[in-house]
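User: I'm new to this one and would like a close look at a single part of it. Could you pick out the main sheet and walk me through what sits around it?

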Amino acid sequence: MKVVLFCGGYGMRMRNGTADDVPKPMAMVGPRPLIWHVMRYYAHFGHTEFILCLGYGAHHIKDFFLNYEETTSNDFVLRGGRTELLSTDISDWTITFAQTGIESPIGERLRRVRHHLDGDEMFLANYADVLTDAPLPEMIENFARRDAGASMMVVPPQSSFHCVELGEDGLVGGITAVSELPLWENGGYFVLRQEVFDHIPEDGDLVADGCAQLAKRGRLVAHQHRGFWKPTDTVKERAALDAAYARGDRPWAVWERDGAGVGA
């Protein structure tokens, strides 16, 4: 199944004050950028056809793959000055690099790569900046059985803030952690059918337009995930993932658990 990755946004909350133009999916977690971890997750489950929706800082993503160093994350033997890889990451990947505009909303980016889907009825999509250990085969199988146009993975609220209940007299009636409220957030992992394109207008958004319209028609389903899920919207969140990688705490690296691990 083809995987569409949205990796052309500015990622302003990830900025560290410098004038660099590195897109957020190229922020490093361990020896590899975020986008690699996301792609490696899909590849682990057999989905190795990727369509990259490029925009801001596209040359960084292109250069990374055009000059890909397999030895960074794979064991190898150096014999007679020649490198013999013991395993590879991307040798079986097919990657389409598609420029989808600098300012384009995500829905428009998806519209612009529709022809690369070759008419496939179902496909996968992702923001390319969120890591998870969600059971992807289960997500796909559950959706395939449903008569729906899209499936969105949802997760419990991640905020550490508290909600305060106020009475008319200004007295506090209760305090509840946001994470304990009966709410769910968009987790950024989608399984889609071609039907979604019927509800995304020109310069539209995947969620606010496409998914919202499907929801109104009873054709959007949710896959609830309470396991590991971490966004990288800020420098602090990215640094936390990088530190977790360094100490070997990598629940998103599902490929490592099956003995096909990445070199530390």
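Analyst:
**The open sheet and its surroundings**

Of the 264 residues in the protein chain, 46% are buried. Keep in mind that this is a predicted model. The chain carries 7 helices and 15 strands, and its C-alpha trace spans about 80 × 45 × 40 Å along the principal axes. The radius of gyration is 20 Å, which agrees with the value near 18 Å for a compact globule of 264 residues. Among contacts with a separation of 6 or more, 73% link residues 24 or more positions apart.

Now to the sheet. There are 7 strands in an open sheet, and reading across you get β7-β4-β1-β8-β13-β10-β14, with mixed pairing. The two edges belong to β7 (94-99) and β14 (220-224); each has a single partner strand, so one side of each is left without a neighbour in the sheet. From one strand to the next, the twist averages 25°.

Let's zoom in on the β14 end. As for what holds such neighbours together, strands of a sheet pair through backbone hydrogen bonds, either parallel or antiparallel. Here β14 runs parallel to β10 (residues 150-155), and the two share 5 bridges. One residue pair to look for is Ser 151 with its bridge partner in β14, Val 221. Helix α5 (residues 206-216) packs on the sheet as well, touching β1 (2-6), β10, β13 (185-193) and β14. The direction of α5 makes about 70° with that of β13.

Strand β13 is worth a stop too, and Glu 185, which lies in it, makes a handy landmark. This residue counts as partly exposed because its relative accessibility is 29%, and partly exposed covers the range between 20% and 50%. Leaving aside neighbours within four places in sequence, Glu 185 is in contact with Met 153, Val 154, Val 155, Pro 156, Pro 157, Gln 158 and Trp 229. Met 153, Val 154 and Val 155 fall within β10, which covers residues 150-155. With Gln 158 there is also a polar link: a polar atom of the Glu 185 side chain lies 3.4 Å from the backbone nitrogen of Gln 158. For a sense of scale, try Gly 9: it sits 176 residues from Glu 185 along the chain, and their C-alpha atoms are separated by 20 Å.

Finally, step back to the outside: the protein chain exposes about 13000 Å², with carbon and sulfur atoms supplying 50% of it.

Key: Residues numbered from 1 in each chain as written. Heavy atoms only, no water. Pairing = 2+ DSSP bridges. Helix = DSSP H or I, 4+ residues; strand = E, 2+ residues; numbered from the N terminus. Axes fitted to C-alpha atoms, helices over the stretch in contact; angles between N-to-C directions. Contact = heavy atoms within 4.5 Å. Rg over C-alpha atoms; globule rule 2.2 N^0.38 Å. Buried < 20%, exposed > 50% of the residue type's maximum accessible area, 1.4 Å probe, protein only. Areas by Shrake-Rupley, 256 points an atom, 1.4 Å probe, with all protein chains shown as cover. Polar contact = N/O pair within 3.5 Å; in protein donor to acceptor, adjacent residues only side chain to side chain.
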